[in-house]
Amino acid sequence: MPDDVPVTTAPEEPRRGEETSDPAARPSESPWTALWVSALALPPLALLAAASWFGRWVRPGADDWCFLPAVRDDGITGLVGTFYFDDNGRVANALLVGAYAKFQVAGHQWYPLVSAVLVLAVLWAVAVLALRRARLRTPRGLPLLLAAVTAVLFLFVTPNTYKTFYWPAASVSHTLPPVLACAASIPLLLARTRRGRVIAIVVAALMAAFLATLSEETAIVVVVVLLAALLVSGRVVPAVDRRFVRLWCAGGIAGTAAGALVLITSPGSMTRRERFGAGTTSLLAPDSLAASLRAFAEITVTVVTTWQYVGAVAVGVLLGLLCRRADGTPPRPPAHWPLLVAAGVLALLVSGYLCTVIAYPVFRDRVSDPSANRLWNDYLLLYVIVLCGVGALLGLGLRGLTRRTAPAKAVCAALCVLVCFGPAVSLTDLDTAMRARAEKWDAQDRRLREGARAGKRVLPYERLVISNMLEPFSAGGRRYWPGGCVADLYGLDRVTQ
């Protein structure tokens with residue numbers, strides 16, 4: 001994938017005897033700039049590669065215990081039926097869960113690598129195409145740096161990386177959905193012909209419907225962002241593209257509504273709402289709304305005070321300092337940049353609060369606890385993207401104020417590297433913990449399988465907890481779940497503590 005983004009028009013060559021006197025108007029970047037920008041992408045890429053390699057120590061836990069025997073015995077379609085009729089109505093969620101559970105333990109081990117590649121590829125493609133759409137050129141490697149830093153901040157700068165990245169069930173529900181939502185914008189960015197625009201609108205509607213039955217929280221984020229885009233389109237979108245953008249947004253909203261209808265009317269969703277008391281009345285109760293606001297305020301403080309997210313601003317500033325127009329001249333900040341920033345921040349706050357509102361009846365006060373941080377991921381990617389955008393505006397503004405941008409570039413480059421150190425230490429510690437658990441898990445797996453083959457119907461089970469994951473006999477041994485699923489996987493009647 002080329003990083004030096006092409007443009008639709010090229011600058012005219014100066015006539016013989018004429019020279020370009022303004023150095024900023026020269027369209028070529030020095031090889032040194034492309035070299036150090038590409039080198040900056042190596043630390044986050046190495047972090048993604050190492051994290052994917054550590055995935056070989058992942059072993060099932062919590063809900064995975066129940067998915068494994070269900071897919072083994074009834075296949076993916078059986079799991080889809082269970083989700084729709086009994087559990088929660090998320091049929092798209094069941095499809096993705098079944099896709100990795102079909103391979104049993106191996107599916108859990110390969111999942112981190114597959115998801116890391118998918119996240120990086122989507123963010124990289126969106127960065128390249130968005131810059132091309134804006135008719136901006138960048139040094140080779142900058143779109144990859146932008147995607148790699150965004151992926152690292154999204155996946156690893158978190159209170160519980162295991163639940164965000166390594167636990168497939170949580171990743172399918174809260175980590176991958178916002179990335180898939182970004183992927184739906186690729187046809188929009190590629191559309192040039194009437195046929196391309198029709199395809200983009202259809203893809204937006206289908207993807208939105210899929211996301212609505214995959215993650216309710218991400219569906220909320222999608223709708224809020226699309227509504228914000230519709231509201232500001234009259235001022236920020238060129239007139240020639242305005243109708244297409246509005247139809248694209250409307251298609252996404254309509255698709256979300258259709259998917260939400262399938263989800264809400266499903267027997268499984270009704271059962272879940274009854275079980276947790278999450279009906280419309282309880283969701284909109286003043287006490288619930290106030291408690292959700294307090295919880296969202298706590299989440300906001302936790303996220304805003306996590307200093308590593310400054311890396312998103314830093315890489316955005318680099319983008320603003322290094323991008324250029326087709327003729328080599330530096331671009332200016334968009335005329336309506338205050339409106340864009342206000343719309344982005346408002347969409348983030350509104351969607352984050354609404355996500356907290358629908359999660360609160362199930363998780364109660366734990367919704368703001370770091371152990372439940374996977375619930376934040378649905379709008380956390382939007383947070384990182386907004387920070388990148390703000391950084392780009394800062395870079396463009398700084399470029400217009402002074403020609404001495406080297407110090408700012410040096411500081412931002414250093415920050416892009418520094419933000420990788422904290423996640424690197426956390427991942428190293430997590431690798432040690434996962435390896436220790438995997439060794440015990442494999443030994444217990446052999447013992448339980450041998451006992452089942454010997455005809456035993458009840459066997460003892462040792463709790464193997466990692467990163468606050470649920471295991472049988474939690475709450476001081478009083479809670480049996482998911483012990484029944486463990487017994488089903490090994491063909492036992494029951495496991496004991």
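**Entry 1: the loop after helix 2**

I started at A62, which lies in the loop between helix 2 and helix 3. This is a predicted model, so I read every value here as computed from that prediction. A62 caught my eye through its backbone: phi is positive, about 50 degrees, although the residue is not a glycine. I reminded myself that most residues other than glycine have a negative phi. Is A62 buried or exposed? At 1% relative accessibility A62 counts as buried, because the cut-off for buried is under 20%.

I stayed in this loop and looked up R59. Which residue does the side chain of R59 meet in a salt bridge? The partner is D442, with 2.9 Å from N to O. This pair links distant parts of the chain: R59 sits in the loop between helix 2 (42-54) and helix 3 (64-87), while D442 sits in helix 20 (residues 421-453), 383 residues apart. I checked how covered the two ends are. R59 counts as buried at 7% relative accessibility, and D442 counts as partly exposed at 25%.

**Entry 2: the other salt bridges I opened**

How many salt bridges does the structure hold? I noted eight. Side chains of opposite charge can pair when their charged atoms come close.

I picked D241 and R197 next, whose side chains meet in a salt bridge at 2.9 Å, N to O. D241 lies in helix 12 (residues 239-264) and R197 in helix 10 (residues 194-212), so this bridge ties together parts that are 44 residues apart in sequence. D241 counts as buried at 17% relative accessibility. R197 counts as partly exposed at 23%.

Then I turned to D73 and R72, where the salt bridge is also listed at 2.9 Å, N to O. D73 counts as exposed, with 51% relative accessibility. R72 counts as partly exposed, with 40%.

**Entry 3: aromatic rings**

I went on to the rings and wrote down a count of 13 aromatic pairs. How are the rings of W65 and W441 arranged? Their centres are 5.7 Å apart and their planes stand at 20 degrees, so I filed the pair as stacked. W65 lies in helix 3 and W441 in helix 20, so the two rings tie together parts that are 376 residues apart in sequence. I had already met helix 20 as the place of D442.

Both tryptophans turned out to be covered: W65 counts as buried at 1% relative accessibility, and W441 counts as buried at 3%. I then followed the ring pairs outward and found that they link W65, W441, Y461 and Y490 into a cluster.

One more ring went into my notes. The charged end of R494 sits over the ring of Y480, 4.0 Å from its centre.

**Entry 4: helix 2 against helix 5**

Two packed helices are described by the angle between their axes and the distance between the axes. I looked up helix 2 and helix 5 (residues 105-133), whose axes come within 8 Å and cross at roughly 155 degrees. Helix 2 and helix 5 are therefore roughly antiparallel to each other. Which residues make the contact? From helix 2 I listed L45, L48 and S52, and from helix 5 I listed P112, L113, A116 and L120.

**Entry 5: L188 in its surroundings**

I moved to helix 9 (residues 186-190), which holds L188. L188 counts as buried, at 17% relative accessibility. What does L188 touch, once residues up to four places away in sequence are not counted? I wrote down R133, A200, F244 and W248. I also looked up the spacing between L188 and V245: they are 57 residues apart in sequence and 8.2 Å apart in space, C-alpha to C-alpha.

**Entry 6: two more backbone notes**

Most peptide bonds are trans. The peptide bond from W481 to P482, however, is cis, with omega near 0 degrees. P482 lies in the loop between helix 21 (474-477) and helix 22 (483-490).

My last stop was S467, which has a positive phi of about 55 degrees although it is not a glycine. I placed S467 in the loop between strand 1 (458-460) and helix 21. Where A62 counts as buried, S467 counts as partly exposed, at 22% relative accessibility.

Note on methods: Residues numbered from 1 in each chain as written. Predicted model: local features only at pLDDT ≥ 70, side-chain atom pairs only at ≥ 80, totals over all residues. Heavy atoms only, no water. Salt bridge = Lys/Arg side-chain N within 4 Å of Asp/Glu carboxyl O. Helix = DSSP H or I, 4+ residues; strand = E, 2+ residues; numbered from the N terminus. Buried < 20%, exposed > 50% of the residue type's maximum accessible area, 1.4 Å probe, protein only. Phe/Tyr/Trp six-rings, centres within 6.5 Å; stacked < 30°, edge-to-face > 60°. Lys NZ or Arg CZ within 6 Å of the ring centre and 35° of its normal. Axes fitted to C-alpha atoms, helices over the stretch in contact; angles between N-to-C directions. Parallel < 35°, antiparallel > 145°, perpendicular 65-115°, else oblique. Contact = heavy atoms within 4.5 Å.
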